[in-house]
Amino acid sequence: MEKQPILELRNIRKTFDKLVALDDVSFSLLPGEIHGLLGGNGAGKTTLMNILYGLYRKDQGDIYLNGEKIEIHGPRDALNRGIGMVHQHFLQISNYTVLENIVLGTGITHRYTMKLEPETRKVEELCQRFGLPVDLNAVISTLPIGTRQKVEILKALYRGVKILILDEPTTNLTPQEVDALFESLRVMVNDGLSIVFITHKLREVLSVCDRITVLREGRNITTLDRKDASEDVFVRAMVGEQMNIEKSVYFARDTKTFGEVDTTAAPILRLSQVNLISKEGVPRLKDVSFDIFPGEIFGIAGVAGNGQRELAEVAAGIVPPTSGKIEQNGKDVTGLPVAERLRRGLSYIPEDRLHDGFLPKASVAQNLILGVHRQRPTATAASSTGKRSTRKPASRLASTTSKPADRKNPAAISPAATFSG
Amino acid sequence: METLITFLRLVLLSMVPFVLASQGTMLGGRTGIFNVAQEGIMLLGASLGFLVSYQVGNNFVGMLAAMAAGAVFGLLLAYFTTTLKMNQFFIGLSLFFIGVGLSTLLPKLIIGITLSPPLIPTLPEVSIPLLSQIPLLGPILFRQNGLVYFSIVLSLLLWYFLYRTQRGLELRAVGENPMTADSLGINVVRARYWTAILGGALIGLAGAYLPMVYTGTFTEAMTRGRGWLAIALTFFGGWSPLTILTGSLFFAGVEVLAFRAQVIGLALPYQYLLMVPYLATILIMILTFRKARVPAFLGQNYDREKRNL
Ligand SMILES: Nc1ncnc2c1ncn2[C@@H]1O[C@H](COP(=O)(O)OP(=O)(O)OP(=O)(O)O)[C@@H](O)[C@H]1O
Ligand SMILES: [Mg+2]
């Protein structure tokens, strides 16, 4: 017998100003399945699920829960109907404890004393059952990303949701953490939950999902059973026919040819005996030394929170090391300001791009020239047109830079914050 | 000894407008609404509170009127910033000017210009039975006007509410991260409205205190910057009710000292003494501001469908 879908979205349409984020999208979720929602950046995955969760209002379309048409006006409605969501960018109060974050917004037994023993017991039981160990009294801001993710899932489980949406839950996890997450998901499904798993990583979808829906540019392309489909089918569906998959950076296969790195050449970046002690007096980096040679991709591995971020910031000159030496092209650059480091050919893409990487309200073009705005091409071009404005040369830079990524957002002058991941 | 008791009594007495105005500011700020109209709202509260009690012959009704005026200003602030999503500082400053203007206009309209200023009776001293008999503490703490007690109890209640109740936990979340609060079904808009309104009412009451305790009448600009000081004090108090209460004691102490020095007749132009509270503020801000914790979303507006990062 065919199973009845527990949830159905029919013909959903959503626009942001002129941008059509979702165009006639339908989606259905069967009870007890893990349903992958696959699509590239900006395909509309988050938007679709935000509509289901009541954060965005749909322009058109209907939502059915257990065959009955429902209206969702806000997250409260969604939660009341047993729909929970783990957001792409965690929604947590960073100066609250884990426990406070989990119980926030729910009815607390001792609401006028805030003695949280009953809640603690309930959460601890959930941690046990689903294999999500967390220290409930830790303050969120002190936790690594992987743990914060567990908190986010616990929040939904604590509310007893029947349908759980996970928006790109694996982005910041180590492979081990991803495996642990998948195991937890299996336990949840066996417990009667249905799960929507958003991602743009094909391998994850194939390893954990039962069915997969592909979105592309705000339209749904297809829904397939995992058993019926090969990787290639999905790649085609995700990127469309016109794109050359073999050359796409996005789907680069494992068979890459590596160039020879000449380790006898002069290193382009050298760290010697770098130490860093944080403001709180905690040592973050201890005697770190390495050389990076021209043409090399130099990987740094480790579980989040073990100093990678600090190392990157020290190497990029954003944080000065407590002791040690940094050389770029053989010259000592240890104390130099970031601007000078950039001028010497260094570039830094931070871990947390939302907070450190750009100005959300400035346009794409402005963001791109930020930092190089003192240099010749932009500066002269701006002054030669006799205008103060940097818009023209900046847009040119933006259009050359963004071509490969093929962003569908109309112009280089849209505020950067409106983009998806 | 006698002077010390008198001094401390006066400090407690003068603390009230600071406490009320700062707790009002703090309450709105806890949901992200940063009121900067205190000076205007206090002046309006002083003016209206005085006028109503003069006309009705009842200070309590005057206080209610001042609170109502403050509440309306709080409501306007909430409406323009939360519903219409307009800039908080811009709206706050406009409300400040409106408050100042109304405060001088209303007496002229209602009473007109008189030779000798009309007077209302000041608030009576309320002795608490038994407690007021305790040596030292009795006269300092328990022989004060009703609003002294009110402001202390209010501060304690606010602390309890914010840190020991479920609603308090939710309220603080709104000022830290409204998107998170919203995603958990907490009504962000409602929280912002009621805190702004109640906060405004407290600020209005702080204004009414001035004619009802200090002067018995309304004079132009009689707040003398206490509204602005209240903002500084709120920061200094780390947006937390108990620290604000302690901070108010300090501000009041400085104020009383400056006033005393004036009375004794120090060989210093009195303008210098008037500067003391402000200088003290600046000093304190410099010393404590770096450590002070501010609600993360203070002064911003939340829009569910916009990406406010
Ligand atoms: N609040 C918003 N305001 C304006 N535009 C938005 C908003 N949210 C999403 N968009 C736009 O809608 C489109 C779909 O975005 P969405 O976030 O749903 O993509 P996504 O599939 O989740 O991508 P990613 O994998 O990068 O998270 C994008 O072009 C994005 O820029
Ligand atoms: Mg997304």
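**A salt bridge, an interface and a magnesium site**

Lys14(A) and Glu305(B) are joined in a salt bridge, in which the closest N and O atoms lie 2.7 Å apart. The model in which this pair is found is a predicted one, and between chain B and chain A the count of salt bridges is one.

On the chain A side, Lys14(A) belongs to strand E1, which covers residues 7-16 of that chain. Lys14(A) is classed as buried because its relative accessible area is 4%, and buried means under 20%. If neighbours within four places in sequence are left aside, the residues in contact with Lys14(A) include Leu19(A), Val20(A), Ala21(A) and Leu22(A), together with Tyr56(A), Arg57(A), Lys58(A) and Asp59(A). Thr47(A) and Ile51(A) are also in contact with Lys14(A), as is Glu305(B) from the other chain.

The salt bridge is one part of the interface, in which 23 residues of chain B are in contact with 38 residues of chain A. The area buried between the two chains is about 2,700 Å², and carbon and sulfur atoms give 56% of that area. Between chain B and chain A there are also 14 residue pairs in polar contact, counted where both residues are at pLDDT 80 or more. On the side of chain B that touches chain A, the elements giving two or more residues are helix H6 (146-164), helix H7 (166-176) and helix H8 (178-183) of chain B. Of these, H7(B) gives the most, with seven residues. Sorted by class, that side of chain B has ten charged, seven nonpolar and six polar residues.

Thr47(A) and Ile51(A), both in contact with Lys14(A), lead to helix H1 of chain A, where they are among the buried residues. H1(A) is mostly covered, with eight of its nine residues buried; among them are also Lys45(A), Leu48(A), Met49(A), Asn50(A), Leu52(A) and Tyr53(A). Just after this helix, Gly54(A) takes a positive phi of about 85°.

Which residues coordinate the magnesium ion (ligand 2)? The ion is coordinated by Thr46(A) through OG1 and by Gln88(A) through OE1, at 1.8 to 2.3 Å. This pair links distant parts of the chain, since Thr46(A) lies in helix H1 (residues 45-53) of chain A, whereas Gln88(A) lies in the loop between strand E6 (83-86) and helix H3 (98-103), 42 residues apart. Gln88(A) counts as partly exposed because its relative accessible area is 22%, which falls between the 20% and 50% limits.

Notes. Residues numbered from 1 in each chain as written. Chains lettered and ligands numbered in written order. Predicted model: local features only at pLDDT ≥ 70, side-chain atom pairs only at ≥ 80, totals over all residues. Heavy atoms only, no water. Contact = heavy atoms within 4.5 Å. Buried area = accessible area lost by both parts, 1.4 Å probe. Salt bridge = Lys/Arg side-chain N within 4 Å of Asp/Glu carboxyl O. Polar contact = N/O pair within 3.5 Å; in protein donor to acceptor, adjacent residues only side chain to side chain. Helix = DSSP H or I, 4+ residues; strand = E, 2+ residues; numbered from the N terminus. Nonpolar A, V, L, I, M, F, W, Y, C, P; charged D, E, K, R; others polar. Donors = N, O, S within 2.8 Å, 3.2 Å for Na, K, Ca; no water. Buried < 20%, exposed > 50% of the residue type's maximum accessible area, 1.4 Å probe, protein only.
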